[in-house]
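Trainee: Could you take me through the reading of a ligand site and of a helix, with the cut-offs behind each term?

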Amino acid sequence: MRIAFLGPPGAGKGTQVELVSREYGVSVLSTGDAFRAMMKGEDKLAQKVRSYVEKGELVPDGVVFEIVREFVDNKDSFILDGYPRNLRQAELLDDFLEVKGLALTGVVNILLDEDEIVKRLTGRLVCPQCGRVYNIYYSPPHKDEVCDDCGVPLERRIDDEDDVIRQRIKVYHREMKPVVDFYQRKGLLFNVDGTGDIHEVFERIKKVLDGK
Ligand code: AP5
Ligand code: MG
């Protein structure tokens, strides 16, 4: 299984890849998570990455692809969450995998409308210690804004501010159409309705993955 998960900000990519990874025993690279880990540092690269993420802009393709290349190299099964984000990234990955004879086996594109995207992102809270993701509307912590597992105060992501959310959605619409067309032409694209609760969406994704 070599799958990429696409979808707008807040579509549920991270939530679903975690379930898919557990169900099928396949390892995941989330480029967003990789950047959030990097941003904890203070070096030049951390500062550079932060300057893009906090504005809702894409990190330069070369920086992203280095991380992806290292992850997929020598793996015959993997899941990518949030990569590719533009046509150039899709082509870089395609060329790299083709040489190895390990092309993607499918691309899951989670669809969600804008009102729901904004609701999910403005409601998201994350535990800074264990990374567990909550949502104040759909999956709130038992105690006000404190992690059920770690007991530490939950935080919002730096890019979940209203103006940055708007910019991320704009970038998504600007960049993703050619990526979707690229995979559609290859017969790899599977659109999945991202509405409904987490388990309903997971059942839809399982149907796609089991049918392959
Ligand atoms: P990234 O971290 O990938 O952010 P994103 O694509 O904007 O998506 P999110 O992580 O916000 O949402 P998600 O789809 O994972 O949803 P989640 O499951 O968390 O990227 C962040 C930044 O890094 C980018 O803006 C860019 O700067 C940089 N970057 C990353 N990859 C890059 C690349 N390839 N190239 C260049 N730059 C890159 O769910 C959201 C919320 O909804 C949660 O609270 C969750 O609990 C809740 N939820 C999920 N599913 C459901 C459901 N079915 N019902 C109710 N609630 C739900
Ligand atoms: Mg995510």
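The dialogue below turns to the ligand site and then to one helix.

Mentor: This is a predicted model, in which local features need pLDDT of at least 70, side-chain atom pairs count only at pLDDT 80 or more, and totals for chains, interfaces and linings use all residues. Residues are numbered from 1 along each chain as its sequence is written, chains are lettered from A and ligands numbered from 1 in the order in which they are written, and side-chain values use heavy atoms, with hydrogens and water left out.

Trainee: Which residues come nearest to ligand 1?

Mentor: A residue is near a molecule if one of its heavy atoms lies within 4 Å of it. Here 36 residues surround ligand 1, and Thr15, Thr31, Glu57, Arg124 and Arg168 come nearest.

Trainee: What lies 2.5 Å from an oxygen atom of ligand 1?

Mentor: A polar contact with a ligand is a pair of N or O atoms within 3.5 Å. In this case the partner is an N or O atom in the side chain of Thr15, while a backbone N or O atom of Lys13 lies 2.9 Å from a ligand 1 oxygen.

Trainee: Which residues of α6 are buried?

Mentor: Helices are DSSP runs (H or I, at least four residues), numbered from the N terminus, and buried means under 20% relative accessible area (1.4 Å probe, protein chains only). In α6 the buried residues are Glu116, Ile117, Arg120 and Leu121. Viewed down the axis of α6, they fall within an arc of 130°, so they line one face of the helix, the arc being that of the directions from the helix axis to the C-beta atoms.

How values were computed:
A polar contact is a pair of N or O atoms within 3.5 Å; within protein, one must be able to donate a hydrogen and the other to accept it, and residues adjacent in sequence count only if both atoms are side-chain atoms. Buried means under 20% relative accessible area, exposed over 50%, partly exposed in between (1.4 Å probe, protein chains only). Helices (H or I, at least four residues) and strands (E, at least two) are DSSP runs, numbered from the N terminus.
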